[in-house]
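Q: I would like a close look at one chain of this model, with a little of its surroundings for context. Please talk me through it once the structure is on screen.

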Amino acid sequence: MQRKMKVNGTVFLLFITIAMFALMYIAGMIIFADKGFAKPQMFLNLFISNAGLLVIACGLTLVMITGGIDISVGSVVALVCMVSADLMENKGFSAVQALLVALLIGIAFGVVQGYLVSYLEIQPFIVTLAGMFFGRGMTAIISTEMISIKNETFLAWANAKIYLPFGYTNKHGMLVKSYIYPTVVVAVLIVIMVAVLLKFTKFGRSLYAIGGNQQSAIMMGLNVKNAKMRAYVLDGFLAGLGGFLFCLNSCAGFVEQAKGLEMDAISAAVIGGTLLSGGVGTVVGTMFGVLIKGTIASLITTQGTLSSWWVRIALSALLCFFIVLQAIIGSTSKKNAKTGEIHKFTKRKKAA
Amino acid sequence: MAQQSKTSKWNQIRHAKLFMPIVCLLIVLLLNVIQTPDFFKISMNNGVLYGYLVDIINRGSELVILAVGMTLVTAVSGGQDISVGAVMAVAAAICCQILSGGAVSTNTLAAPIIVAALAGILAAGLCGAFNGFLVAKLNIQPMVATLILFTAGRGIAQLVTKGQITYVRVGSYKVLGGYIGSCPIPTPVFVAILTVIVMQLILKKTALGLYLESVGINGSASRLVGLNSTMLKIIAYIICGLLAGLAGIVASSRIYSADANNIGLNLEMDAILAVALGGNNLGGGKFNLMGSIIGAYTIQALTTSLYAMSVSADQLPVYKAIVVIAIVVLQSPVFQSRISKVTQRKAVGNAA
Amino acid sequence: MEREIVLSMSGIDKTFPGVKALSNVDFKLRKGEIHALMGENGAGKSTLIKVLTGVYELESGEIHMDGFDGPIVNHNPKEAQAHGISTVYQEVNLCPNLTVAENLFIGREPRKAGFIDWKKIRSNATSVLRNLDIDVDPDKQLAECSIAIQQMIAIARAVDQECKVLILDEPTSSLDDDEVEKLFDLMRRLRKDGVGIIFVTHFLEQVYAVCDRITVLRNGELVGEYETEKLPRLDLVAKMMGKDFNDLADIKSEHEVVIDDKTPVVIDAKGVGHKGTIRPFDIAIRKGEVIGLTGLLGSGRSELVRAIYGADKADEGELYVNGEKVKINKPLDAMKHGMAYLPEDRKKDGIIADLSVKENIIIALQAQRGMFHLMSKKEMEEAANKYIKLLQIKTASMDTPIKSLSGGNQQKVIIARWLLTNPDYLILDEPTRGIDVGTKTEIQKLVLDLADEGKAVTFISSEIEEMLRTCSRMAVLRDGKKVGELTGSQLNQADIMKTIAGGEAAKEEITIDEEVAENGAAV
């Protein structure tokens with residue numbers, strides 16, 4: 001009986017998330033049916049416009065499972081976009097080279113932040129807050145002006161539509177095929193890879209163990225510092241990659257880019273059932289978190305009159321809601337554990 | 001023998017509470033003397049004091065006010081309020097909107113300044129109460145809880161100012177950020193000093209300081225000795241919010257307008273830095289208000305000198321991020337124990 | 001006939017800032033023996049274990065393991081494991097968010113083509129659990145298992161790791177009889193298989209039940225190694241204490257306060273209860289009376305006092321203090337009505353580690369007075385000085401942080417904190433746990449003195465003898481319910497045990513007799 005309750009705790013959160021997504025999407029389809037919300041392309045657009053965010057949120061899920069956090073991701077994205085743009089437009093780098101540099105920047109952030117968090121045991125929040133300011137500042141040092149990308153290979157990547165074998169039939173009875181961009185393929189692949197990593201590798205499981213009880217993880221012989229370090233490096237790498245995907249979407253680099261993205265990514269993870277205290281979370285849940293954020297954004301853009309920072313306010317409110325929910329579920333499960341205590345008195349006798 | 005007493009005295013000085021912050025301040029000032037020889041020159045210009053030092057003390061006022069609140073929050077909750085910058089913007093927006101009577105720009109006051117300022121500060125206190133509620137009632141990590149207003153706060157300020165910069169072009173509104181009559185010392189300096197005095201009085205004459213430290217060190221034990229740790233945390237966050245509001249109004253008065261995007265921008269980082277520089281443990285517990293204040297002036301000195309070296313505002317965060325990392329690394333127990341091991345090994349080596 | 005030595009440690013030193021935790025300690029473990037490591041708190045048992053398993057760095061000395069040439073050095077538990085040393089610690093060191101099966105195999109998961117083979121984990125876990133007779137679903141999340149089961153799983157994990165040396169650091173603290181018996185069976189089986197077991201425990205009976213040899217430490221130094229059969233209990237205790245302790249003689253006899261129906265009632269609870277922890281109970285506590293609460297761990301002893309004190313707000317019933325009906329919503333309300341509460345877990349709920357001894361002493365009184373009535377510096381210092389002297393608290397100064405005091409002295413500071421508020425009713429929940437014998441006796445005496453002064457006291461302890469020495473009346477709890485009260489001639493081990501055991505009393509009777517017999521010999 002008790003068990004059923006508990007298992008439902010985490011599953012329940014994910015269920016609410018999926019239900020909420022479905023509800024919001026269906027509501028959108030009904031309200032904005034005339035504006036094309038019901039078309040399959042609309043759903044794919046959620047992935048297209050949030051591919052970068054999805055990849056970054058996966059990275060964030062990794063570090064949040066260990067009980068850590070990374071708020072530097074937004075700045076890393078800005079820096080990656082700016083550096084890529086600068087390299088391709090002003091320094092004559094090829095798109096492939098720019099991609100490699102972008103990944104290296106992400107990894108560099110991951111290595112430094114990971115080292116400070118795992119080996120010097122400094123609070124991840126402080127470390128990544130510094131990382132956030134550092135990244136944004138470096139972006140400004142490279143250029144305070146916006147740089148648009150005109151590199152041909154890059155633009156070819158950005159605009160390569162991949163048509164899918166379905167779509168909708170237009171007024172003239174013709175099938176308009178739905179499409180996605182390569183960024184979506186990359187993002188979905190990353191989700192699958194991280195999901196496998198978390199479920200089926202020693203490294204993935206050790207992240208859960210660390211988040212559940214770091215001291216125990218050490219005692220059980222896991223290399224906690226190394227695992228945390230790797231989580232941050234991977235998170236940095238994904239921020240770099242996500243940044244590049246972001247860049248393929250915006251085709252430009254500027255200082256104010258992706259401001260507050262860390263909030264979106266954290267919200268997505270939390271809404272998707274990742275506990276802020278660590279130890280619990282899945283990338284599938286995170287993906288639904290991202291889709292919810294995307295749906296809110298498209299609802300507000302489709303509506304047309306509301307200003308864009310309503311997206312963030314709505315998302316903040318949603319984050320609040322889920323945090324409260326987590327707090328409530330957390331406190332009830334603690335109470336359940338208490339009743340599991342056992343006696344100790346009689347142990348003094350017997351033994352003989 | 002004499003040697004020993006000398007070193008012990010040196011150790012005593014070295015371990016004195018304010019040693020670190022004062023040394024940091026001296027280092028920054030020293031660097032300035034080398035860079036700009038007329039750094040300490042103070043002159044009278046148009047009946048007001050003029051010079052780098054005056055500028056540091058003047059411009060540092062908001063930071064000092066924020067640092068006071070941040071110190072209390074850090075002590076009681078072991079985390080930082082990263083929403084203070086955004087809350088400053090909210091207070092400024094509300095104050096200016098009331099003064100302008102809803103218009104974008106005004107030359108006459110729609111309401112008494114004191115009423116508008118109080119309304120702004122009160123709204124900021126409300127933001128603090130919200131943060132406090134999340135932290136104390138729902139047990140959310142302070143930085144995650146305040147992240148919500150950190151991102152949503154400026155959106156709210158935009159909402160209030162309807163996305164524009166509200167100007168209050170009235171002489172009396174400039175007093176708070178300017179000069180009182182013919183007094184040669186800028187008003188913000190008085191505001192900062194007054195804030196510090198009031199806060200010191202509160203801490204000396206009431207048990208608030210002891211309570212906050214006690215709750216910060218051990219919340220559950222504090223509850224059992226009769227302290228209301230939830231209430232105390234909320235109080236600390238409200239104080240932090242109110243002070244952020246005050247700082248916001250001073251900042252707004254300087255530019256006689258409410259710029260939702262730029263008031264208090266990046267100041268949360270400076271405030272955290274000030275607290276850390278002041279020798280306070282960012283993990284909470286015992287605190288040292290004077291240290292934080294010296295820390296705040298140190299940061300401002302750093303900012304001013306970086307400006308003097310023609311570093312732009314956008315790029316400033318890079319250097320501050322580096323300083324913050326340096327401080328937390330130096331503070332980190334792991335780092336300290338490593339260093340002491342190295343020096344010990346050296347000593348052993350020398351002996352051999 | 002010396003058996004093969006599997007582990008030998010020699011000349012082990014360990015220093016912490018200001019404390020010499022171990023000095024020149026030797027330890028030998030033979031193949032297929034159960035070796036008890038004994039000593040009072042602070043003797044250095046845990047430190048020795050942590051040095052052995054690499055949690056602490058080895059300062060000087062050597063560790064030799066059978067099968068390895070030359071001395072070995074463990075930098076972390078993983079290396080210790082590689083050398084064949086597995087540990088089960090006092091606190092369960094598992095991950096509550098993972099399943100039972102995963103807790104058994106994390107860090108050494110069976111893999112197929114590089115990926116974790118979940119099927120195999122499950123089947124391996126099932127067989128490991130079955131072999132050890134642990135009845136739990138391997139897919140259950142650990143957090144939902146009782147602490148006993150969690151402990152068993154931790155042992156199962158260690159046992160499953162092909163170890164030559166198994167360290168059990170107070171594994172029985174949270175196990176009940178049957179579980180202890182099962183553990184002992186397991187230990188005997190492992191002994192037959194040639195595993196060397198280091199068994200750290202506080203319970204003498206258990207040592208004499210399973211151990212072949214005993215090594216005693218005191219104040220970080222080796223006292224000696226003895227064969228269990230050749231070391232009578234009293235000698236063992238004397239070696240652990242390093243002194244004769246006639247102090248423990250019947251201290252109660254000096255204190256005979258007459259409590260009768262005419263003595264005013266200080267605390268009178270009628271149907272007070274807290275959902276989920278303690279069912280509604282009635283209890284009346286008179287002036288000058290020491291009432292003991294007894295029952296198995298988790299029976300509701302702590303929960304009962306917490307409900308009275310408002311630590312867990314009572315959600316039903318009525319509470320009368322000195323005949324007046326009161327409403328207690330939070331600890332502060334209880335304090336204002338003259339209550340004081342020394343919590344069970346000193347580290348977690350008692351001390352405020354970074355604050356000074358002085359601040360720790362005055363904090364409760366200061367909290368009671370309120371934020372706007374700060375005590376003067378002089379008042380604080382006088383209070384601190386008074387109680388440091390009165391309770392003989394050993395501290396460098398009143399401004400020393402409490403965390404640098406020993407456990408016993410920390411506990412005295414907490415007691416001082418409450419005495420300063422001059423309470424009418426004092427709740428002491430396990431005030432002597434983890435404290436050296438000398439201080440233990442001091443605290444017991446103090447309790448009786450306080451009762452003589454006319455304070456009502458509730459005393460909770462896991463040790464029946466201690467309760468018998470101090471209490472004039474005992475309330476018994478079982479499964480979150482108060483089931484009876486014992487006074488006068490009923491206050492003896494047999495009757496108490498019968499009441500605690502309840503319906504199963506008949507079955508328990510035999511063991512109770514043994515217990516009584518044993519207690520003559522034990523402390």
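What percentage of the 523 residues in chain C do buried residues make up?

A: Happy to help: buried residues make up 48% of the 523 residues in chain C. Here a residue is buried if 20 or more other C-beta atoms lie within 10 Å of its own, exposed if 12 or fewer and partly exposed in between, with C-beta atoms placed from the backbone. Please keep in mind that this is a predicted model, in which local features need pLDDT of at least 70 and side-chain atom pairs count only at pLDDT 80 or more, while totals for chains, interfaces and linings use all residues. Residues are numbered from 1 along each chain as its sequence is written, and chains are lettered from A and ligands numbered from 1 in the order in which they are written.

Let us begin with the build of chain C. Its secondary structure comes to 18 helices and 21 strands, taken as DSSP runs (H or I over at least four residues for helices, E over at least two for strands) and numbered from the N terminus. The domain assignment, from an automatic or database source, gives domain 1 (5-244), domain 2 (248-338 + 424-491) and domain 3 (346-422). Between the C-alpha centres of domain 1 and domain 3 of chain C there are 37 Å. Two residues are in contact if their C-beta atoms, placed from the backbone, lie within 7 Å. Among contacts in chain C between residues at least 6 apart in sequence, 66% join residues at least 24 apart.

Next comes confidence. pLDDT, the predictor's confidence in each residue, runs from 0 to 100; its mean for chain C is 83, and 88% of the residues of chain C reach 70 or more. Among the elements of chain C, strand β17 (residues 339-342) has the highest mean, 95, and helix α18 (residues 505-521) the lowest, 40. Over residues 504-523 of chain C the pLDDT is below 50, and this stretch has 26 contacts in the model beyond near neighbours in sequence. Residues 244-249 of chain C also stay under 50, with four contacts beyond four places in sequence. The model as a whole scores ipTM 0.85 and pTM 0.80.

Now for the neighbour, chain B. In chain C, 25 residues are in contact with 21 residues of chain B. On this side of chain C, α10 (331-336), α11 (346-350) and α12 (357-369) each supply at least two residues. The largest share, six residues, comes from α12(C).

Finally, a helix across in chain B. Helix α7 (residues 142-161) of chain B has 20 residues and reaches 28 Å from its first C-alpha to its last, close to the 28 Å expected when the span is taken as 1.5 Å times one less than the number of residues. At A152(B), α7(B) bends by about 40°, the angle between axes fitted to the seven residues ending there and the seven starting there. Of the 20 residues of α7(B), 18 are buried, so the helix is largely enclosed by the rest of the structure. Just after α7(B), K162(B) takes a positive phi of about 55°.
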